[in-house]
Amino acid sequence: MMKDLKNTDISIPKEALNVLETLKNAHFEAYFVGGCVRDVLLGRTPKDWDITTNATPEQIMVVFPDTFYENKFGTVGVKNKEAKVDTGTTIDETLRVIEVTPYRKEGTYSDFRHPDTVSFTDKLEDDLARRDFTINAMAMDGEGDIVDIYKGQEDLAQGVIRTVGKPEDRFQEDALRILRAIRIATELGFTINSDTQKALENSASLLKNISRERIRDEFTKIIMSDKPLSGMVLAQKLGILDYISPVFRETFGIEQGGAHSYDVWEHILRSLQHAADKKWPLDIRLAALFHDIAKPQTRRKGLKKWTFYGHEVVGERVTRETLQGLKYPKDLTEKVSKLVRWHMFFTDTETITLSAVRRLVVNVGKENVWDLMNLRICDRVGTGRPKEEPYRLRKYQSMIEEAMRDPVTVGMLKIDGNTLIKEIGIPAGPKIGFILHALLEDVLDDPSLNTEEYLKNKAKNIAELPIEELKKLAEQGKEKQAIEDEKELKVIRDRHSVR
Ligand code: ATP
Ligand code: MG
């Protein structure tokens, strides 16, 4: 069962508690540690339940039936087959594997990221001392009692990120902590203690030593937080932004004029923030952040105002290069780049025609059209203009549906011209088209007639008619087709309350 903790609403899931208690029953010490303790105390649901113990990896593996050695500094993954959330049948990902790590001490660091040596220790204090921030350096037993050597609870209460030990040393050891500080501050809405912040600013250039993948992971967490705008501004203020990507700084102070109240930097951040406010996924958030990234290099002085012709074309390239550089997966990179490429489409309001929307659907892909619409909403809100006129938004939505719907055509029929020629022996020529349209009328009157058998029979019969007769039947079919098509469009338009 779940265990209720003293001061919070979060309870420890039984799967995690079992692992802890199994270790204790085998006479080892065992504690929850790090991020999960922090999150429990904050009343947030932890992303993972890490355990630390005085058992060695070998001893841990003996105690549990199903483990695997993760080969990263002694951590053993304990698999939880039964891990199910109480109500459903789905396995809660955070409980599938519980990571158990022996108390560890780290030696010196010479690559700004990994300790040169790692040794196990039998003291919990040593393990807490190697952790990055005071709020991440607490341990908790199964009763909810906290071991807090560095006043992590005080910092939690004040909302402060502070390194364990001397900040210069800690960032020097592992430069990833610089980005973790910003990411965790952003996720939790915390401030960074001033000494920690000073050291962080002074150490920024050490981020050069950190792999792009690790930087990407922290950047993604900043973007996926509730307040990515603050996170990006913080990264900028502390001189970290360039190490994520140097492309952002180009947008600082680039005035746009016209309908825009903000420079490009503030505009893309506000667009991003709107995507976060809507809880939209990573691809849309990245597209919102990157959509105007090439405005600086395409800006020209027009007659009355600035112009940015082609910024979406250059922007597509810059976006792709930047996301590739950050080692994002190819499909995500392509999707975001595409959204950037076509983001101008819905701004050209007066001239949008249904056939233009059809072309767009081909260009951006059926599966991405609605995301493009959402990007447009971010763009609009990020401009500081009032929300889209509701009618216009509905009109766009209706047009997209109209463009994507399968129109009423002879293509709907269960047989085609080829069948008529090859199986029924009607010679190729205008007759074929007439017959198909005549058949379409029947099917539109009664959709249940759309079977191969019925259509073939009917085709055989009417094929005997004089061509003039057939032509008349076809005309009726076409009329019916136009009426039915219009009806379908009307259904869509009515649903969106547009004309
Ligand atoms: P999240 O909520 O994203 O899981 P977290 O703080 O739990 O955040 P993890 O990567 O899960 O981050 O790390 C678990 C714990 O390990 C941290 O809380 C911290 O105590 C310690 N830790 C992680 N990375 C570092 C690091 N680079 N330097 C020192 N300690 C670290
Ligand atoms: Mg964690």
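In the predicted model, contacts between residues at least 6 apart in sequence are made up to 66% of pairs that join residues at least 24 apart. The chain that carries these contacts is built from 24 helices and 15 strands. Its radius of gyration is 31 Å, well over the 23 Å that the globule rule gives for 499 residues, so the chain is more spread out than a compact globule. Along the principal axes, the C-alpha trace spans about 100 × 65 × 40 Å.

Of the 499 residues, 49% count as buried, while the chain exposes about 24500 Å², of which carbon and sulfur atoms supply 50%. With respect to charge, 77 positive and 82 negative side chains are present, and the centres of the two sets lie 5 Å apart.

In soluble globular proteins, nonpolar side chains tend to be buried together. In this model, the largest nonpolar core comprises 103 residues, and those with the most contacts inside it are Phe32, Trp49, Phe219, Met232, Ile240, Phe248 and Leu289. Helix H8, covering residues 176-188, contributes the largest share of this core, with 8 residues. Around Phe248, when residues up to four places away in sequence are not counted, the residues touched are Phe219, Met232, Leu241, Trp265, Leu289, Phe290 and Ile293. A second core, separate from the largest one, holds 21 residues, including Phe434, Ile435, Ala438 and Leu440.

Terms used: Residues are numbered from 1 along each chain as its sequence is written. Chains are lettered from A and ligands numbered from 1 in the order in which they are written. This is a predicted model: local features need pLDDT of at least 70, side-chain atom pairs count only at pLDDT 80 or more; totals for chains, interfaces and linings use all residues. Side-chain values use heavy atoms; hydrogens and water are left out. A nonpolar core is a set of buried Ala, Val, Leu, Ile, Met, Phe, Trp, Tyr and Cys residues joined through side-chain atoms within 4.5 Å. Buried means under 20% relative accessible area, exposed over 50%, partly exposed in between (1.4 Å probe, protein chains only). Helices (H or I, at least four residues) and strands (E, at least two) are DSSP runs, numbered from the N terminus. Contact means heavy atoms within 4.5 Å. The radius of gyration is taken over C-alpha atoms; the globule rule is 2.2 Å times the number of residues to the power 0.38. Accessible areas come from the Shrake-Rupley method with a 1.4 Å probe; for residues, only the protein chains shown count as cover. Lys and Arg count as positive and Asp and Glu as negative; His and the chain ends are not counted. The place of a charge is taken as NZ of Lys, CZ of Arg, CG of Asp or CD of Glu.
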